[in-house]
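Open your viewer and get ready to click along. We will move from one selection to the next, with a short look at each stop.

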Amino acid sequence: MDTQDTKTIMDPSTQLEQMNIVIVGHVDHGKSTLIGRLLADTNSLPEGKLEQVRRNCELNSKPFEYAFLLDALKDEQAQGITIDMARCFFKSDLRQYIIIDAPGHIEFLKNMITGASRAEAAILVIDAYEGVQENSKRHGYLLAMLGIKQILVAVNKMDRVDYSQEVFDTISKQYREFLSEINIEPLDIVPISGREGDNIQARSNAMPWYTGKTILEHMDTMEKEPEKSDKALRFPVQDVYKFTQANDDRRIIAGNVETGKITVGDEVVFYPSGKRSKVKTIEGFNVPSQNEVGVGVATGVTLETQIFVKSGDLMVNASDPAPMSGTQFRARLFWLGKQALKMNKKYKLKFGTAQVMVSIAKIDHVLDAVSLGKKTKTQILRHEVAEIIFQSTKPLAFDTAGDFECTGRFVLIDDYEIAGGGIIMGKEDDNNSLIDQMVAARDTQWVSSQIAATERTTRYRHPATMILISSEQGIDRVGIAKDFERQAFDAGYAVYSLGIPN
């Protein structure tokens, strides 16, 4: 649906609560048909849209399908599968909805994960005729892994099994047992027919044995996520901007307020370093002076004391719960790379604004999406889910995904492509970390020069010495170092001034 069409559906003047719901399921199990039905039954389609699709079907001698309302891509129409995630909009009497139609084909799971990561709740569709498929279980696990706790299961195409309660009960029992294995309790399991409209917006006369809520009634009772503005501050640093013209000595720390808020005068801490300062000003481009900014605002701040901050650092209010910091953390990973994920290979990990090279310290286990059995392996193949321990080349600040999405979810880059993603489960013991190993190797595997220290002393007429210049804030350490360097050089010493920026 195009932007013009959606304006009449998502009308801000109605002041209805807005909710994002993703619809997932195995290919051809009827996700798009369900969405098309919701649009039609709630009168959310642009005027004449339904009749236009019906006429096109007649002209092409094709049976009408509600799924055709969403078939916007030519490749999808030709192959009959959803390739990219599509968003559509409709409203009930109580809410405005953004519905994300995620692809079900195994080759497009990356797109499914992208769509599901933006949702507050999910509807998982299972074909009553085909039953629970491998992808049905895989999608359920991925929803749980992404932290989506509200999952409504729709057993579709009940008309194909003559509205059999026995078939429904068998599928319901089987899928509930699976979900319980991954600690998920579904909101409900509803028997529906997308084609006929049973139990979607209106109750079904063909299934009097089902007395529960319809799909739309369940959607209207799903709980909204807590507002991000009520959570602790998480401000990943994107960059630091310096100004020199017109005696402007500001250092603006720029980023996006992911959760919480920033107020002038707040004491803040930057992780993983733990450096502290206070917010002096809140800066913006071509905007009036502000004393406070909230969630979703791209902004900048200056600090009362100048401290060294860099991209990838995390700014947190000193009174808020601190993130975890370290070089090792446990994660659940879904691997989509063409090549297997291997031990002792370097990968780029990205979350928030942080980018760091990591390797796999340990593959705890690989999960079989069908049997849920745990396998011990030395590599992770495409479409496998694993619990692993990452080790990074430098300390990171992070949270668990259940607490903060922005600093608890990550993607993994292999050969310049996003090849995997997952959630952080917690910090691991840093003992014998990669950094410790590198320091130990440096101390034990130092490569000695063939030139002795006494030879260098003879050549330069003085022994090697390091002079460290340190002082309180406000003292011109750089100027002192440069003056000393000049005087020592003029006196014939082999000398070089090395500052922190070098």
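The tour below starts with the whole chain and then visits a helix, some salt bridges, a few loops and a surface patch.

**The whole chain**

Keep in mind that this is a predicted model. Colour the chain by secondary structure: there are eleven helices and 23 strands. The chain has 502 residues, and 46% of them are buried. Switch on the surface if you like; the accessible area is about 27300 Å², with 48% of that belonging to carbon and sulfur atoms. Now think about contacts between residues with a separation of 6 or more: 71% of these join residues 24 or more positions apart.

**Helix α7**

Select α7, residues 165-181. How far apart are its end C-alpha atoms? They are 24 Å apart, and this agrees with the 24 Å expected because its 17 residues should advance 1.5 Å each.

Next, show the side chains of F168, I171, S172, Y175, F178 and L179, which are buried. Look down the axis of α7: its buried residues fall within an arc of 130 degrees, so they line one face of the helix. They pack against β4 (121-127), α6 (134-145), β5 and β6 (188-191). Turn to the other side of α7 and you will find E166, T170, K173 and E181, which are exposed.

**Just before the helix**

Move to Y163, in the loop between β5 (151-156) and α7. Is Y163 buried or exposed? Y163 counts as buried, because its relative accessibility is 19% and the cut-off for buried is under 20%. Its phi is near 55 degrees, a positive value in a residue that is not glycine.

Stay in that loop and select D159, together with R195 in the loop between β6 and α8 (215-221). R195 and D159 form a salt bridge, with their closest N and O atoms 3.0 Å apart. This pair links distant parts of the chain, as the two residues are 36 positions apart. D159 is buried at 17% relative accessibility, whereas R195 is partly exposed at 48%.

**More salt bridges**

The structure holds 22 salt bridges, so there are others to visit. Select R276 and E267, whose side chains meet at 3.0 Å, N to O. R276 is partly exposed at 47%, and E267 is partly exposed at 35%.

Then try K377 and E384, which meet at 2.9 Å, N to O. Here K377 is partly exposed at 22%, while E384 is buried at 13%. Select R330, R332, D364, E387 and E428 too: salt bridges with shared partners join them into one network.

**Three loop stops**

Go to P272, in the loop between β10 (267-271) and β11 (275-283). The peptide bond from Y271 to P272 is cis, with omega near 15 degrees.

Then find N286, in the loop between β11 and β12 (292-293). N286 is exposed, with a relative accessible area of 72%. Although N286 is not a glycine, its phi is positive, at about 60 degrees.

Finally, pick K310, in the loop between β13 (298-303) and β14 (314-317). Select V237 as well: the C-alpha atoms of K310 and V237 are separated by 6.9 Å, although the residues are 73 apart along the chain.

**A patch on the surface**

For the last stop, select I467, I469, I475, I480 and F484, which make a nonpolar surface patch of about 440 Å². I475 is in the loop between α10 (453-460) and α11 (477-490), and I475 is partly exposed at 46% relative accessibility.

Technical notes
Residues are numbered from 1 along each chain as its sequence is written. This is a predicted model: local features need pLDDT of at least 70, side-chain atom pairs count only at pLDDT 80 or more; totals for chains, interfaces and linings use all residues. Side-chain values use heavy atoms; hydrogens and water are left out. Patches are made of residues with over 30% relative accessible area and no salt bridge: like charges are joined within 9 Å, nonpolar side chains (Val, Leu, Ile, Met, Phe, Trp, Tyr) within 5 Å. Accessible areas come from the Shrake-Rupley method with a 1.4 Å probe; for residues, only the protein chains shown count as cover. A salt bridge is a side-chain nitrogen of Lys or Arg within 4 Å of a carboxyl oxygen of Asp or Glu. Helices (H or I, at least four residues) and strands (E, at least two) are DSSP runs, numbered from the N terminus. Buried means under 20% relative accessible area, exposed over 50%, partly exposed in between (1.4 Å probe, protein chains only). Contact means heavy atoms within 4.5 Å. The expected span of a helix is 1.5 Å times one less than its number of residues. The arc is that of the directions from the helix axis to the C-beta atoms.
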